[in-house]
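Work through the exercises below with the sequence and the model open. Each task is followed by a solution in steps.

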Amino acid sequence: MIAHIQGKLVEKTPTEVIIDCNGVGYHINISLHTFSLLPTTDFIKLFTHLQIKEDAHSLFGFVEKSERELFKLLLSVSGIGASIARTMLSSLDPKQIIHAIANADVVTIQSIKGIGSKTAQRVILDLKDKVLKIYDLSEISITQHNISREESLSALEVLGYIRKNAERVVDKIIKDNPEAGVETIIKQALKNL
């Protein structure tokens, strides 16, 4: 029903934003992944998913269309509601979730808060074929350095560095030294930022 919302960012927290669109403030639930991708400008556009229940109408927003599509896929699994789907997208990068589903990695999916063994198996059973049809897994390969990269960037953001600046420095460090661990990456990045 509502495909996207574009307007002025009025408020933001790691779990929700309020966007003023022509004088109407839309309260939109977001994942930590989307929060990390929010632009630094006041004017933003989020792709949305409207969930209508008896007692509430909830709007979920995503910077990337692909994250919204993954959110919808997760909602199609019995036992996964909007809050658990959002927790999944907050706990793992969407590419990590896709990779875990495609490789039947129950342990990774089960590591997410609120997901038990049976639910993790159901996610894989219900979505594996769909994920393999929709996504080109060669483009979504997850390597250890990607995990180190994300952990390093998160740590640098906590220390107050702007993500875009940190990404350039961290990517150069990883390119020069692909085997570098999180600690090494952060130490070298601090020298170059």
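A residue is called buried under 20% relative accessible area, exposed over 50%, and partly exposed in between. The model is a predicted one.

**Exercise 1.** Classify K172 and D176 by accessibility, then state how their side chains meet.

Solution. K172 has 54% relative accessibility, so it counts as exposed. D176 is exposed too, with a relative accessible area of 54%. Both residues belong to helix α8 and sit four residues apart, about one turn of the helix. Their side chains form a salt bridge, 2.9 Å from N to O.

**Exercise 2.** Find the salt bridges of R163 and classify each residue involved.

Solution. Start with E157: its salt bridge with R163 has the closest N and O atoms 3.0 Å apart. Next, R163 also bridges to E167, with the closest N and O atoms 3.2 Å apart. R163 and E167 are about one helical turn apart, because four residues separate them in helix α8. Now apply the cut-offs. R163, at 13% relative accessibility, counts as buried. E157, at 30%, is partly exposed, and E167, at 22%, is partly exposed. The search of the whole structure finds five salt bridges.

**Exercise 3.** Describe the course of helix α6 and what covers its buried residues.

Solution. Helix α6 covers residues 117–134, 18 in number, and reaches 25 Å from first to last C-alpha, close to the expected 26 Å. At L127 the helix α6 bends by about 50 degrees. L127 is among the buried residues of α6, which include T119, V123 and V131. The cover over the buried residues includes α2, α4 and α5.

How values were computed:
Residues numbered from 1 in each chain as written. Predicted model: local features only at pLDDT ≥ 70, side-chain atom pairs only at ≥ 80, totals over all residues. Heavy atoms only, no water. Helix = DSSP H or I, 4+ residues; strand = E, 2+ residues; numbered from the N terminus. Expected span 1.5 Å × (residues − 1). Bend = angle between axes of the 7 residues up to and from the residue. Buried < 20%, exposed > 50% of the residue type's maximum accessible area, 1.4 Å probe, protein only. Contact = heavy atoms within 4.5 Å. Salt bridge = Lys/Arg side-chain N within 4 Å of Asp/Glu carboxyl O.
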